[in-house]
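Q: Can we go through the empty space in this model and then the helices? Short answers are fine.

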Amino acid sequence: MAWLVGYPREKVNWYPRVDLSKCVKCGMCMNCGKKVYEWTENGPKVVRPYECIVGCTTCANLCLGKAITFPDINELRELYKRENIWAKVKEQLIKEGKLSSASN
Ligand code: SF4
Ligand code: SF4
């Protein structure tokens, strides 16, 4: 699997932050299939941050209270560049026969 190609997920600063003062308790964020959230008496709580799919913003897009934020996407792009993750992902996809080396 090419995802992060072995780069430690815990070193990637990407997971949702919830501002409970804006949360309208609509529950849309609980649709996350990665079980990042758990529901508490105060609303949603991020309990498994590193299960969040890197780059995903679905819960923030669905949030009716605009209460969910993520770090700047450019920080993520910088990390991928700095740590050579893009190049390794490409290499892995070529190895798995999912990408031709000609498209390199
Ligand atoms: S961004 Fe995606 S994977 Fe991460 S918590 Fe939200 S819905 Fe789940
Ligand atoms: S989607 Fe947003 S407003 Fe709705 S429960 Fe989750 S954080 Fe609160």
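Q: Which residues lie nearest the centre of the largest cavity?
A: Cys-23, Cys-26, Cys-29, Pro-44 and Cys-63. They belong to a lining of 15 residues. This is a predicted model: local features need pLDDT of at least 70, side-chain atom pairs count only at pLDDT 80 or more, and totals for chains, interfaces and linings use all residues. Residues are numbered from 1 along each chain as its sequence is written, chains are lettered from A and ligands numbered from 1 in the order in which they are written, and side-chain values use heavy atoms, with hydrogens and water left out.

Q: What counts as a cavity, or as a pocket?
A: Both are sets of points on a 1 Å grid over the protein atoms alone. In a cavity a 1.4 Å probe fits but cannot get out. A pocket is an open set with protein on both sides within 12 Å along at least five of seven lines. Lining residues have an atom within 4 Å of a point.

Q: What volume does the largest cavity have?
A: About 80 Å³ (the space filled by probe spheres set on the points, with grid points joined across faces, edges and corners). The structure holds one cavity of 30 Å³ or more.

Q: What sits in the largest cavity?
A: Ligand 2 does (more than half of its atoms lie within 2 Å of the grid points).

Q: Which residues are closest to ligand 2?
A: Cys-23, Cys-26, Gly-27, Cys-29 and Cys-63, out of 13 that surround ligand 2 (a heavy atom within 4 Å). By class, this shell has 10 nonpolar, two polar and one charged residues (nonpolar: Ala, Val, Leu, Ile, Met, Phe, Trp, Tyr, Cys and Pro; charged: Asp, Glu, Lys and Arg; polar: the others, Gly among them).

Q: On to the largest pocket. Which helix gives the most to its lining?
A: Helix α1, residues 58-62, with three residues (helices are DSSP runs of H or I, at least four residues, numbered from the N terminus). The lining has 17 residues, with Cys-32, Gly-33, Cys-56, Thr-58 and Cys-59 nearest the centre. The volume of the pocket is about 180 Å³.

Q: Now α2. Which residues are buried there?
A: Leu-76, Leu-79 and Tyr-80, in residues 73-82 (buried is under 20% relative accessible area, exposed over 50%, partly exposed in between; 1.4 Å probe, protein chains only). They sit on the same side of α2, because they cover an arc of only 100° around the axis (taken from the directions from the helix axis to the C-beta atoms).

Q: And the face turned away from the buried side?
A: That face of α2 carries the exposed residues Lys-81 and Arg-82.

Conventions. Helix = DSSP H or I, 4+ residues; strand = E, 2+ residues; numbered from the N terminus.
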